[in-house]
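Could you open the structure in your viewer and keep the selection tool at hand? We will go from stop to stop, picking residues and looking at what surrounds them.

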Amino acid sequence: MKRGGSGVIEVSDLTKHYGSATAVRDLTFTVKPGIVTGFLGPNGAGKSTTMRLILGLDAPDTGHALVAGKPYRDHVAPLHECGALLEARSVHPGRSAYNRLLALAQTHGIGRSRVNELIEMVGLETVARKRAGTFSLGMGQRLGIACALLGDPRTVMFDEPVNGLDPEGILWIRNLLRQLASEGRTVFVSSHLMSEMAQTAEHLIVIGRGKLLADMSVEEFVRSASKRSVRVRSPDASRLKDLLVGPDVEVKAGEPSILEISGLSSEQIGETAAANRIVLYELTPQEASLEEAFMELTRDEVEFQGEAHAIAAERQRAVA
């Protein structure tokens, strides 16, 4: 796959209510091509609703969402513009993987060769003629990803794509997302696995209770939650502590040879140690993990399960 292009996703002042429940409120952000953008939030934060609004599956109460400059429904060949995986299991259980892809292909004038290419790409060659209803969760995910990529789209949106995948499958989707971004595509992916986002995404959109909490690079996001301290290990930790303590410097002693120092950079600490001939065994800037940074930011934004279930129930009633 080599088709790139500008498939920018623009979300502007988006608000959506389901009955008395507010799923998304005043949400504004832009997803740019060429990088993997992670979409994070606690359960019930509004991630799936936002993706549905972008695809026109639900109508916003206010605001708008555009893909490549226009609403998704206004594109002449939408599968070529944006491919999405929202619910991998939404496939007729009696239809084979091959026929599912072929039926979609025929709606857009896509040839059988592309269907065969996707079957091989996602690793479903041995089960392509089997009924999708017999598929494991992981195989269903692979079929959903194949459907999303069928039109060789400029933009891809995946909601929890690693669900049900084994370690080999998780590595495969990680590399696939990076490859798609490297080709200049817009890649927008949600996941509850922080370890995966840390290894895959370059930029993050974080929401809580339907509101935007963060829109920044992964590096900035993690740094904003970090304590900005330095771990030092030295056989002469006590003397080093006396040399470093000051009005804007905090030094915590743990084990006899270990210090945690806030208010100084690792370079400043190293220079002080060298000037006083103090041996250092370790000099490590401390940084929060993506998971720690996420938990810190969303600590007060976590929805009660009852509220999340209420939104889902109201959505089902609205669709019916």
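Start by selecting Glu81 and Arg154 in this predicted model: the two form a salt bridge, with 3.5 Å between the closest N and O atoms. Show the secondary structure and you will see that Glu81 belongs to helix α2 (residues 78-81), while Arg154 sits in the loop between α5 (137-149) and β6 (155-159). The pair links distant parts of the chain, 73 residues apart. Now colour by accessibility. Glu81 counts as buried because its relative accessibility is 10%, and Arg154, at 26%, counts as partly exposed.

Next, pick Arg142 and Glu168. They also form a salt bridge, and here the closest N and O atoms are 3.2 Å apart. Arg142 is in helix α5 and Glu168 is in helix α6 (residues 167-182), so this pair ties together parts of the chain separated by 26 residues in sequence. Arg142 has a relative accessible area of 12%, so Arg142 is buried.

Stay with helix α6 and select Arg174. Which side chain meets that of Arg174 in a salt bridge? The partner is Glu196, at 2.7 Å from N to O. Glu196 lies in helix α7 (residues 194-200), and the two residues are 22 apart along the chain, another link between distant parts. Are Arg174 and Glu196 buried or exposed? Both are buried.

For a group rather than a pair, select Asp152, Glu183 and Arg185 together: a network of salt bridges links them. If you would like to hunt for others, the structure holds 11 salt bridges.

Now for a charged residue without such a partner. Select Glu160, in the loop between β6 and α6. Glu160 is buried yet has no salt bridge. Where is the nearest side chain of opposite charge? It belongs to Lys47, 5.1 Å away, and a salt bridge needs a nitrogen-to-oxygen distance within 4 Å. Expand the selection to the contacts of Glu160 and, leaving aside neighbours within four places in sequence, you will find Gln141, Ser190, Ser191 and His192.

The cysteines come next. How many disulfides does the count give? The count comes to 0. Select Cys82, which is in no disulfide: the nearest cysteine sulfur is that of Cys147, 14 Å away. With a relative accessibility of 1%, Cys82 counts as buried. Move over to Cys147, and the nearest cysteine sulfur is that of Cys82, again at 14 Å, with no disulfide for Cys147. Cys147 counts as buried too, because its relative accessibility is 10%. As a reminder of what is absent here, a disulfide is a covalent bond between the sulfur atoms of two cysteines.

For the last stop, go to strand β2 (residues 21-31) and select Thr30. Its relative accessible area is 36%, so Thr30 is partly exposed. Which residues does Thr30 touch, not counting those up to four places away in sequence? Show Val8, Ile9 and Glu10 to see these contacts. To finish, draw a distance from the C-alpha atom of Thr30 to that of Met139: the two are separated by 31 Å, and they are 109 residues apart along the chain.

Notes. Residues numbered from 1 in each chain as written. Predicted model: local features only at pLDDT ≥ 70, side-chain atom pairs only at ≥ 80, totals over all residues. Heavy atoms only, no water. Helix = DSSP H or I, 4+ residues; strand = E, 2+ residues; numbered from the N terminus. Buried < 20%, exposed > 50% of the residue type's maximum accessible area, 1.4 Å probe, protein only. Contact = heavy atoms within 4.5 Å. Disulfide = S-S within 2.5 Å. Lys, Arg positive; Asp, Glu negative; His and termini not counted.
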